[in-house]
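Trainee: I have just opened this one and hardly know where to look. Could you walk me through it?

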Protein chains: 2
Amino acid sequence: MMCDSDNGISLENLSKFVVKRVLSDSPDRKLIFVEGSLEGHEGAAVLILEKKAFDEKTVRALCSEESVLVKSFVNDLYSTYECFPNTKVNGIKTTLIYPATEKHIKKFERKTVHIIQETPEIYKNITLPYILSETFSVQWVYNILEHKSEVEKIVFEDSDKDLGFILVPDLKWDGQTLESLYLQAVIHRRDIKSIRDLTTKHIPLLENIQTQGIKAIEEKYGVLQSQLRIYVHYLPSYYHLHVHFTYLQYDAPGINTERAHLLSTVIQNIQLLPDYYQKATIPYTLTEADPLYETFCDKGLLKKSTVVQQYPPTANHVSVDNN
Amino acid sequence: MMCDSDNGISLENLSKFVVKRVLSDSPDRKLIFVEGSLEGHEGAAVLILEKKAFDEKTVRALCSEESVLVKSFVNDLYSTYECFPNTKVNGIKTTLIYPATEKHIKKFERKTVHIIQETPEIYKNITLPYILSETFSVQWVYNILEHKSEVEKIVFEDSDKDLGFILVPDLKWDGQTLESLYLQAVIHRRDIKSIRDLTTKHIPLLENIQTQGIKAIEEKYGVLQSQLRIYVHYLPSYYHLHVHFTYLQYDAPGINTERAHLLSTVIQNIQLLPDYYQKATIPYTLTEADPLYETFCDKGLLKKSTVVQQYPPTANHVSVDNN
């Protein structure tokens, strides 16, 4: 039933996996992370299950007598069913992590997210000292800029030291599927950490990224300006200014309004008010696992949350006195 | 195999559905819309398939000998498989529309989306005349404000005619699951179409919505301010100012940076620059099916797009001369 290879474990079915608890799930993406153990083995295991996407071939295979329909309801021209197809055309992507460390479990555990309204004072007194105290290495960025790595990936380069940048595919993109197009423009200058540092003098740089990035993408991939989402993150994932270019219809991670700032809006805000990003209160999100969360709670800028529960409270919550 | 009820059709399996083409799909959500026909029946049919989300009960049922694993690879502590479970624990949500009209097919067809940078001139000369010429009825909004409908749903009301609003659950929300909390604050004033109309004099209104909305939600649902995303849409779906309150970790529709404007940022922009929303270039998105798309193309403000194709071109595209 089970055979241990040199470095890992290999299962023939899921009978040995003992569910302990759900770490987190995404009902939209049909994805779940489960903590458990393996019968006959010590220590924790993490099981990741994700339903597979449909493609035309699978749909054609599904349309057979083996796909049994159980009717939910019929209303005029609409009828709904649960379909039980032959298992061969309906597999589930499955990943097992064993032995799973405390770190794996923490990583997949649902983390409560908070939004903080960062005033200029909070930036100066809390965020900036934190950024400077952490050694966020951007050596990998310098390696790209110095042509020491990923040279073959460069889609476009403007080598001007003030206005220039390198356009490369994001690691998340396969470089091929235009529906998930994702590139990053990384600037040559090394003195801009984030949008907080931007002022009037950076407008030529920002406009250069916009104009030449759009042109390079249209020439190489045939995707129009109006089909691109061009934005920066705040907080960014690394503190060297970079601009994201994604296909507008692609739900890329981090495109929500509380994280992504359209480059066109950034340029305009500085045009309307030269010190916009020094004066503005800018929101950012952080999880309760983030060291900054504790700092904000200690200073009374965020409240400690209770985990969101079902509303109305279930019997368990109401009868807590009986325990 | 098939029985026609009074108004619709009822299938026992999927053997009679003949696939014509995929109208659109969402690989992330594991959802697909397919155009086809039904053997022995005239006219078009639309088949909608969506994989089901996981819950703990299903996962426990899945962990059995009947869930056969086919190994993809083992690497150290990580092993990946395709899992073929008993079909009973792995159903697919299925909807059939028959007979499907041209309108159904259009509705589910993938639509290319474009982003337009709306300058004040474009607003004045194109968007505003369009809004005014279309009879977007907001009678249903007035019914809520006048307590003629949905009275029992009101979560909070401030009846002040200048600063007041009604807070109601959004139609998309079940009113219970806090993880998908979604409320709308609808203002009593009837003279504000969208953020384009906002100026300094509206700050007390906007701040009132923010302060009292947050307070009402914390009191009723126990969700903290820092766990809320509070925003307006541009373009809005109806032209009577309303503010969305959603749970921060819920990926509600329309929270992308090109559509959603955080209320805190809107208030601040007006504080920094009283006529920000009259001066600003504001982006908005529209599909090629939108009447405004043709207008923008005619005026040279948008280019006609080709459908995004695989890159690099496949053999089919290269050898087009051979056909």
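**The largest cavity and what surrounds it**

Mentor: A good place to begin is the largest cavity, which is lined by 27 residues, and of these A:H261, A:T265, A:N269, B:H261 and B:T265 lie nearest its centre. Please keep in mind throughout that this is a predicted model.

Trainee: Which elements give two or more residues to that lining?

Mentor: From chain A they are β15 (260-262), α6 (263-272), α7 (276-279) and β16 (282-287), and from chain B they are β15 (260-262), α6, α7 (276-279) and β16 (282-287). The largest share comes from α6(A), which supplies four residues.

Trainee: And what volume does the largest cavity have?

Mentor: Its volume is about 380 Å³, and a search of the whole structure finds three cavities of 30 Å³ or more.

Trainee: You mentioned α7 of chain B, so what does B:Y276 in that helix touch?

Mentor: B:Y276, which is found in helix α7 of chain B, touches A:T265, A:Q268, A:N269 and A:L272 from chain A as well as B:N269 and B:I270 from chain B, if residues up to four places away in sequence are not counted. With one of these residues, A:N269, there is also a polar contact between the two side chains, at 2.4 Å.

Trainee: Is B:Y276 buried or exposed?

Mentor: The relative accessible area of B:Y276 is 5%, and because buried means under 20%, B:Y276 counts as buried.

Trainee: How far is B:Y276 from B:F33?

Mentor: Their C-alpha atoms are separated by 42 Å, and the two residues are 243 residues apart along the chain.

Trainee: Let's move to pockets. What is the volume of the second largest one?

Mentor: The second largest pocket has a volume of about 530 Å³. It is lined by 26 residues, and the closest to its centre are A:I115, A:Q117, B:I214, B:Q225 and B:S226.

Trainee: Which elements supply at least two residues of that lining?

Mentor: Chain A contributes through β9 (113-118), while chain B contributes through α5 (203-221), β13 (228-233) and α6 (263-272). Of the elements, α6(B) gives the most to the lining of this pocket, with five residues.

Trainee: What about the nonpolar core, how many residues has the largest one?

Mentor: It has 126 residues, and those with the most contacts inside it are A:L181, A:F245, B:L181 and B:F245. In soluble globular proteins, nonpolar side chains tend to be buried together.

Trainee: So what is B:F245 in contact with?

Mentor: Leaving aside neighbours within four places in sequence, the contacts of B:F245 include B:L167, B:L181, B:Y182, B:L183, B:I214 and B:I230.

Trainee: Switching to chain A, how is it divided into domains?

Mentor: Domain 1 of chain A covers 17-108 and domain 2 covers 113-299, and the C-alpha centres of these two domains lie 35 Å apart.

Trainee: Where is A:H240, and is it buried or exposed?

Mentor: A:H240 is found in the loop between β13 (228-233) and β14 (242-247) of chain A, and it is buried, with a relative accessible area of 1%. A polar atom of the A:H240 side chain lies 2.7 Å from the backbone oxygen of A:I187. Among the residues in contact with A:H240, beyond its neighbours within four places in sequence, are A:V138, A:Y142, A:I187 and A:R190.

Trainee: Back to chain B, what is B:V19 in contact with?

Mentor: B:V19, in strand β3 (residues 17-26) of chain B, is in contact with A:V59, A:R60 and A:C63 as well as B:V34, B:E35 and B:G36, leaving aside neighbours within four places in sequence. With a relative accessible area of 11%, B:V19 is buried.

Trainee: Last topic, the backbone. Which residues does a cis peptide bond join?

Mentor: One joins A:Y234 and A:L235, with omega about -15°, and A:L235 lies in the loop between β13 and β14 of chain A. The peptide bond from A:Y98 to A:P99 is also cis, with omega near -5°, and A:P99 is found in strand β8 (residues 92-100) of chain A.

Trainee: And what is phi of A:E150?

Mentor: It is near 60°, a positive value in a residue other than glycine, and A:E150 lies in the loop between α4 (139-145) and β10 (156-158) of chain A. In chain B, B:H147 has a positive phi of about 60° although it is not a glycine, and B:H147 is partly exposed, with a relative accessible area of 39%.

Note on methods: Residues numbered from 1 in each chain as written. Chains lettered and ligands numbered in written order. Predicted model: local features only at pLDDT ≥ 70, side-chain atom pairs only at ≥ 80, totals over all residues. Heavy atoms only, no water. Buried < 20%, exposed > 50% of the residue type's maximum accessible area, 1.4 Å probe, protein only. Polar contact = N/O pair within 3.5 Å; in protein donor to acceptor, adjacent residues only side chain to side chain. Contact = heavy atoms within 4.5 Å. Core = buried A, V, L, I, M, F, W, Y, C linked by side-chain atoms within 4.5 Å. Domains from an automatic or database assignment. 1 Å grid on protein atoms, 1.4 Å probe; cavity = no way out; pocket = protein on both sides within 12 Å on 5 of 7 lines; lining within 4 Å. Points joined across faces, edges and corners; volume = space filled by probe spheres on them.
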